[in-house]
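Biologist: Could you take me through one part of this model up close? I'd like to hear about the backbone first and then about what is packed around it.

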Amino acid sequence: MLGDENNNDLIDLSTIDRAKCALLVIDELGDPTGTPLEAVLLPSMLQTAKLCEAARAVDMPVIFTNDAHIPGVDRELALWGQHGIAGTPEAQTSPLLNPQPTDFVVEKRRYSGFFQTDLLLLLNELGVDTLICCGMDTNICVKHTVADAYFNNFNIIVVGDATATFLVGNQEEGLDYMKTCYAAKVIDTDEALKLIEG
């Protein structure tokens, strides 16, 4: 039946080849500690930190897609104001994630990590067919990146408690949308760690 709620069963985690997975971290930038958004952002970032550490331990690629906007040029800034300006600390991977030289950083000027970046080329050259996704905002940059991942035929896993919503909509609606429309498997950090660690 159209709209069947079993979409989350389209990906069987037991069939996923870890050697073809990458951890994709979307816009986890700066340090929210002490900011008005700490209560929303910090818990998901701490979960993402666990995923990054586990992925590095098994040589799974860790890829950060980070806003790198050009002031006075990027259209997105007219909607959301100044944020993620290229070259500023606010556009750098969060120190909470302990970024390493072996990680990859893909700068982006639109919501999607795929739009006019070299992310697809990078994933192809790494032999990746499955993306373990986390980040923020669930309903904006995560959703649009996941959409393009689906359009490019990747298996998609979204780690629900390692994503956060603070600008548009609510968390559950965003996760349900990606599950229903992009065949994303929505799991929690504990399940993702089991997949990463084998």
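**Backbone oddities, a helix and the cores**

Modeller: Ala 183 is found in the loop between α5 (171–182) and β6 (185–187), and bear in mind that this is a predicted model. The phi of Ala 183 is near 55°, a positive value in a residue that isn't glycine. That catches the eye because most residues other than glycine have a negative phi. With 22% relative accessibility, Ala 183 counts as partly exposed, because buried would mean under 20%.

Asp 59 also has a positive phi, near 60°. You'll find Asp 59 in the loop between α1 and β2, just after α1. Asp 59 has a relative accessibility of 70%, so it counts as exposed.

There's one more backbone quirk, this time in a peptide bond. The bond from Met 136 to Asp 137 is cis, with omega near -15°, whereas most peptide bonds are trans. Asp 137 belongs to the loop between β4 and α4 (138–151).

Now go back to the helix before Asp 59. Helix α1 covers residues 38–57, 20 residues in total, and spans 28 Å from its first C-alpha to its last, close to the 28 Å expected. Its buried residues include Leu 41, Leu 42, Met 45, Thr 48, Leu 51, Cys 52 and Ala 55. In an α-helix there are 3.6 residues a turn, so residues three or four places apart point the same way. Polar or charged names turn up among the buried residues of α1 too, including Ser 44, Gln 47 and Arg 56. The cover over these buried residues includes the strands β1 (21–26), β2 (62–67), β4 (130–136) and β5 (155–164), along with helix α6 (189–197).

What about the nonpolar packing? The largest nonpolar core has 25 residues, and those touching the most other members are Ile 63, Leu 123, Leu 131, Val 146, Ile 156, Val 158 and Met 178. At least two residues of this core come from each of β1, α3 (119–126), β4, α4, β5 and α5. The largest share, 6 residues, is supplied by α4.

Leu 131 is a good one to click on. Leaving out residues up to four places away in sequence, Leu 131 touches Ala 22, Leu 24, Phe 114, Leu 123, Ala 149, Phe 154, Asn 155, Ile 156 and Ile 157. A second, separate core has 24 residues, among them Leu 23, Leu 51, Val 62 and Leu 193. Leu 51 ties this back to the helix, being one of the buried residues of α1.

Technical notes:
Residues are numbered from 1 along each chain as its sequence is written. This is a predicted model: local features need pLDDT of at least 70, side-chain atom pairs count only at pLDDT 80 or more; totals for chains, interfaces and linings use all residues. Side-chain values use heavy atoms; hydrogens and water are left out. Helices (H or I, at least four residues) and strands (E, at least two) are DSSP runs, numbered from the N terminus. The expected span of a helix is 1.5 Å times one less than its number of residues. Buried means under 20% relative accessible area, exposed over 50%, partly exposed in between (1.4 Å probe, protein chains only). Contact means heavy atoms within 4.5 Å. A nonpolar core is a set of buried Ala, Val, Leu, Ile, Met, Phe, Trp, Tyr and Cys residues joined through side-chain atoms within 4.5 Å.
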